[in-house]
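Reader: Before I rely on terms such as cavity, pocket, core and buried, I would like to see each of them set against its definition. Could you take me through them with the structure in view?

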Amino acid sequence: MGKFVNSVEEFFSFCETNEVEFVDFRFTDLKGTWHHVTYRMSAVGASIFKNGLPFDGSSIPAWQPINKSDMLLKPDVDSAFLDPFTADATVIVICDVYDIYKNDLYEKCPRSIAKKTLQYLDDSGIGDTAYFGPENEFFVFEDVRMKLTANESSYRLDTVDGEWNDNTVYEGGNMGHRARTKGGYFPVMPIDSGVDLRAEMMKVLEEVGLEVMLGHHEVAQGQHEIGVKFDTLVEAADNVQKLKYVIKMVAHLNGKSVTFMPKPLYGDNGNGMHVHQSIWKDGKNLFYTEGAYGNLSELALNYLGGIFAHSDAVASFSNPSTNSYKRLIPGFEAPSILTYSSQNRSASCRIPYGAGEMAVRIETRFPDSASCPYLCFSVLMLAGLDGIKNKSVPVGPMDEDLYELSLDEIREKKIPQMPHTLRAAVEGLIADNEFLLPVMTPEFVDTYQHYQFERQIWPDEARPTPFEVQSTYSC
């Protein structure tokens with residue numbers, strides 16, 4: 001697993017060996033969406049990797065104005081891999097965005113921000129390597145319908161896994177084996193009907209260079225997870241982009257639909273993106289202290305304390321949709337209480353059990369896959385580095401079942417919580433963003449908060465929901 005090419009020369013040799021006809025250059029926007037432009041192989045020369053290729057930055061939401069729209073894609077040759085889905089042999093290359101007006105990596109390019117974050121870590125002298133291990137959960141549906149007009153709002157998501165289909169008439173019969181609400185964790189076939197689909201996804205993920213560890217049915221109906229090995233910050237974010245692309249496409253080609261949406265089903269568990277993190281220097285894990293609680297070092301606790309101290313601002317990137325906060329409610333393994341534990345998953349940070357020196361890490365459990373992985377990982381680390389600088393101390397450890405605490409008890413114990421809405425998170429970012437400014441520019445932060453209000457918060461707040469109509473119509 002891993003890289004297929006390590007140099008421009010190897011890239012062209014790789015393309016020749018695989019009879020590549022097209023090169024697909026991809027980059028990521030603020031939302032975390034991949035965009036691409038495809039070149040004929042005959043039009044791609046070595047100079048492209050040095051000089052870049054032009055594109056219109058004004059056509060990407062919240063990027064350049066029309067009068068300064070010319071930008072460059074700078075391909076990262078090390079990221080090249082074969083697209084497993086195209087009819088003609090195509091190699092995908094992930095790109096950074098370059099600002100021709102400032103002669104620098106573009107300040108609004110998430111992947112460029114991630115690279116600058118790594119440079120900031122190195123310049124700080126604290127560490128030289130940051131490892132990130134995301135766990136992306138997802139749902140598989142067979143039918144997806146939605147409608148949003150001035151007088152009508154509805155959606156319908158259907159999975160054969162759903163207990164609501166117990167009385168559905170299927171051609172060939174209804175076999176009746178289904179995971180119940182919150183009952184989908186680890187059953188075997190026939191209740192777990194996704195074994196073959198996940199196996200295909202896992203094999204294709206390996207084809208594109210990911211080291212796949214495991215796959216299983218998750219707690220909710222129609223919910224799954226495939227685990228891949230951790231990597232360094234930028235590469236781990238690249239891997240999330242690859243994973244989402246592969247999983248969606250394998251499902252699509254099998255007549256199914258995948259969503260990484262945080263909370264698609266009411267009354268069942270949602271999708272998280274738990275993020276494992278550690279910082280190293282000179283080959284040594286700085287998060288490890290033998291004999292401490294969870295073998296976790298003081299530096300690691302300060303790092304975690306920084307994340308908690310800036311939790312609202314962090315959440316605006318790690319949980320960037322209004323739907324994100326429908327997942328972060330009590331009763332559904334929602335990691336919204338800002339403390340840590342090595343013994344339970346109810347805390348927003350778990351210290352994985354039994355980890356030795358090479359594996360000690362923190363696992364932040366509140367992020368979700370609606371986030372742009374480059375921005376999410378960068379902001380987590382910037383908050384953590386600020387915590388190390390200021391010796392922030394998190395509340396905890398707390399090994400009790402935090403899900404059993406009432407809201408009054410949480411307040412009495414003075415346990416901080418995640419923000420309850422995206423508006424609160426973004427307002428937190430507006431009030432608290434100085435810790436981001438060693439890497440992000442004030443212009444980027446301002447653009448991002450406006451983008452969140454205009455794309456998510458105001459449209460959501462302006463629309464009546466079916467629940468509101470049902471509960472308020474007869475008032």
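Author: What follows takes the terms in turn and sets the values against the cut-offs. This is a predicted model, in which local features need pLDDT of at least 70 and side-chain atom pairs count only at pLDDT 80 or more, while totals for chains, interfaces and linings use all residues. Residues are numbered from 1 along each chain as its sequence is written, and side-chain values use heavy atoms, with hydrogens and water left out.

Reader: What makes a space in this model a cavity, and how many are there of 30 Å³ or more?

Author: On a 1 Å grid over the protein atoms alone, a cavity is a set of points where a 1.4 Å probe fits but cannot get out, and lining residues have an atom within 4 Å of a point. Grid points are joined across faces, edges and corners, and a volume is the space filled by probe spheres set on the points. By this rule there are two cavities of 30 Å³ or more, the largest holding about 50 Å³ and the second largest about 40 Å³.

Reader: Which residues line the largest cavity, and how do they divide by class?

Author: Among the lining residues are Leu30, Phe317, Cys372, Tyr448 and Arg455, and helix H12 (residues 442-462) gives the largest share, three residues. Helices (H or I, at least four residues) and strands (E, at least two) are DSSP runs, numbered from the N terminus. Ala, Val, Leu, Ile, Met, Phe, Trp, Tyr, Cys and Pro count as nonpolar, Asp, Glu, Lys and Arg as charged, and the others, Gly among them, as polar; the lining accordingly has seven nonpolar, two polar and two charged residues.

Reader: Why is the space of about 890 Å³ called a pocket?

Author: It is called a pocket because that term is kept for an open set of points with protein on both sides within 12 Å along at least five of seven lines. This one is the second largest pocket, lined by 42 residues, of which Glu135, Glu225, His276, Arg350 and Glu363 lie nearest its centre. Strand S8 (129-141) gives the most to that lining, with six residues.

Reader: What makes a group of residues a nonpolar core, and which residues have the most contacts inside the largest one?

Author: A nonpolar core is a set of buried Ala, Val, Leu, Ile, Met, Phe, Trp, Tyr and Cys residues joined through side-chain atoms within 4.5 Å, where buried means under 20% relative accessible area, exposed over 50% and partly exposed in between (1.4 Å probe, protein chains only). The largest core has 114 residues, and Phe11 and Phe377 have the most contacts inside it. With contact meaning heavy atoms within 4.5 Å, Phe11 touches residues including Val5, Met41, Phe49 and Val93, not counting those up to four places away in sequence. Apart from the largest core lies another of seven residues, including Ile337 and Leu405.

Reader: How do you know that strand S17 (residues 337-341) is largely enclosed?

Author: Five of its five residues are buried, so S17 is largely enclosed by the rest of the structure. Ile337, Thr339 and Ser341 point one way and Leu338 and Tyr340 the other. Two strands pair if DSSP finds at least two bridges between them, and S17 pairs with strand S18 (residues 347-350) in the parallel sense over three bridges, with Tyr340 opposite Cys349.

Reader: Why is helix H7 (residues 311-318) described as largely enclosed too?

Author: Seven of its eight residues are buried, so the same description follows for H7; Phe317 is one of those buried residues, and their cover includes S17 and H12.
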